[in-house]
Amino acid sequence: MNKNRLFHIKDGKVNTDKKYVLYWMQQSQRVHYNHALNHAIHTANTYQLPLVCFFGLDDTYKDANERSYAFMLEGLKEVKQTLESLGITFVLKFGKPYEVIKKYIKDAQALVMDRGYLKHQRAWRKDLFHQIKDNEDLEIDMIDTDLVVPVCVASTKAEYGAYTIRPKIKKLYHSFRDFHKLNIIKNKTKINIDSDNDLNDIDALLNKLDIDHAVPKSSYYQGGYKAASQLFSTFISDKSDYYPMSSDPSTNFTSLMSMYLHFGQISSLELLERLYLALEQGQIKGESFDQYIEQLLIRRELAFNYVFYTNGYDEFETMSENWAYQTMNAHEFDHKAYLYDLNTYETFDTHDIYFNAAMKQMVLTGYMHNYMRMYWAKKIIEWSPSFKKAYETIIYLNNKYFIDGRDPNSYAGVAWCFGKHDRAWTEREIFGKLRYMNAKGLERKFDINAYVKAMNDL
Ligand SMILES: Cc1cc2nc3c(=O)[nH]c(=O)nc-3n(C[C@H](O)[C@H](O)[C@H](O)COP(=O)(O)OP(=O)(O)OC[C@H]3O[C@@H](n4cnc5c(N)ncnc54)[C@H](O)[C@@H]3O)c2cc1C
């Protein structure tokens with residue numbers, strides 16, 4: 001592992017009374033290509049102790065609903081099975097992870113945790129650290145395994161756009177192609193810790209949780225590493241030749257990896273390595289490879305840079321650039337021909353058939369094509385009484401319905417619609433200098449009626 005993935009937080013003193021090494025899995029919910037797990041196994045082997053993997057399931061998590069939790073639990077069920085087959089104990093407990101885990105720390109010689117970049121993920125880890133920092137015996141490490149190039153290594157500041165972060169990541173990323181194979185745990189003793197999980201019956205588990213049950217599980221997408229891996233193989237064999245045409249919403253040429261990446265059920269590094277292999281074996285064309293890497297490596301990692309270095313990434317007043325706020329202020333009171341409320345959006349009942357089709361895809365399946373996400377958000381800007389109200393509506397719907405919602409990409413994608421990582425365009429009504437999108441563009445560029453038909457058939 002590239003040593004820059006590791007944040008060694010503190011040393012510990014060997015204490016022979018300690019029973020295990022504790023690995024707090026939270027952001028990267030997988031076994032494959034998981035540097036944090038690999039480091040935890042290495043640490044356990046060093047201390048000749050067994051390894052316990054802890055996951056905290058918090059039903060007070062913002063926007064928690066049945067759709068996203070079902071997807072997550074499907075992935076965790078696989079994680080548990082695989083870890084147990086490797087001789088690692090898996091414990092799932094209900095409650096706020098950073099609080100519930102404390103009980104298990106007293107018997108741990110070391111704590112290894114993965115890294116998350118959203119505000120609450122950082123706060124969880126910080127909060128826990130402040131409570132356990134005086135534990136002399138406990139070694140603490142944190143590992144970035146969610147990105148190819150960890151945010152702080154790629155850049156020390158908020159990047160202006162893809163063009164500024166691209167050269168930095170391109171220069172560094174080969175040195176982060178650093179996962180070779182999973183270590184083998186030597187001490188396979190099972191640790192008996194009461195666990196709240198019965199992952200064999202996910203529906204029953206979901207029913208126990210106080211989450212929003214009005215957004216049902218998606219019948220279109222199955223969570224977990226196996227499903228992700230299979231979809232990605234299909235992407236390489238059947239779709240990748242057409243990836244350069246994938247911006248047309250009527251095609252189905254994208255990889256659908258965002259929801260798996262969001263829960264860390266598959267690693268972006270694994271996707272990168274599989275793409276390299278496919279390229280070497282002539283299974284993917286150079287153009288497709290380059291375009292995919294641009295999304296996976298540059299755009300996605302720019303979003304992580306954005307949430308890490310922008311304190312107010314989730315608030316209207318602070319998520320964009322000065323020029324964007326100036327133009328929004330100048331156009332705040334422009335006349336709007338349509339004003340819609342949430343219910344009209346959620347029942348696909350606006351005058352715009354393309355918007356309605358996109359909204360239907362979102363509500364029923366939990367996914368929306370990238371081009372339609374842009375169009376969808378731009379329309380909400382056009383039909384809202386203020387930019388701030390538009391921002392709040394977009395974030396609300398994004399995080400409620402998308403399986404990949406509540407992600408750095410969610411905040412960066414939405415902020416982009418308000419000028420972030422974009423540039424000023426010719427000034428016009430309502431949008432000012434923000435980029436504008438209209439139905440004629442969809443009709444001119446794409447077979448958009450085929451998209452509408454496919455959504456009507458859902
Ligand atoms: C208004 C708006 C809201 C968005 N909300 C989300 C969200 O909630 N969650 C989310 O993951 N993405 C979001 N995006 C970004 C993008 O639309 C999705 O990541 C993409 O559509 C996922 O589909 P895919 O995995 O099939 O993409 P593919 O084309 O197969 O791309 C592969 C991977 O590259 C990354 N990627 C692709 N497009 C982008 C992009 N524009 N920006 C950053 N990374 C990208 C993703 O990780 C994706 O899984 C949003 C974009 C906009 C404009």
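A polar contact here is a pair of N or O atoms within 3.5 Å; inside the protein, one atom must be able to donate a hydrogen and the other to accept it, and residues adjacent in sequence count only if both atoms are side-chain atoms. Keep in mind that this is a predicted model, where local features need pLDDT of at least 70 and side-chain atom pairs pLDDT 80 or more, while totals for chains, interfaces and linings use all residues. Residues are numbered from 1 along each chain as its sequence is written, and side-chain values use heavy atoms, with hydrogens and water left out.

Let's start with the ligand's polar contacts. A polar atom in the side chain of Asn409 sits 3.1 Å from one of the ligand's nitrogen atoms. Asp404 joins in through its backbone, with a polar atom 2.9 Å from a ligand nitrogen. At Thr254, a side-chain N or O atom is 2.9 Å from a ligand oxygen. On its own the ligand has 840 Å² of accessible area (Shrake-Rupley method, 1.4 Å probe), and the protein covers 93% of that.

Now look at who surrounds the ligand. There are 25 residues around it, each with a heavy atom within 4 Å, and Tyr243, Ser255, Leu256, Asn370 and Ser410 come nearest. By class, this shell has 11 nonpolar, 10 polar (Gly counts here) and 4 charged residues (Asp, Glu, Lys or Arg).

Where do they come from? Domain 2 (147-181 + 224-309) and domain 3 (316-456) each give at least three residues to the shell, with bounds taken from an automatic or database domain assignment.
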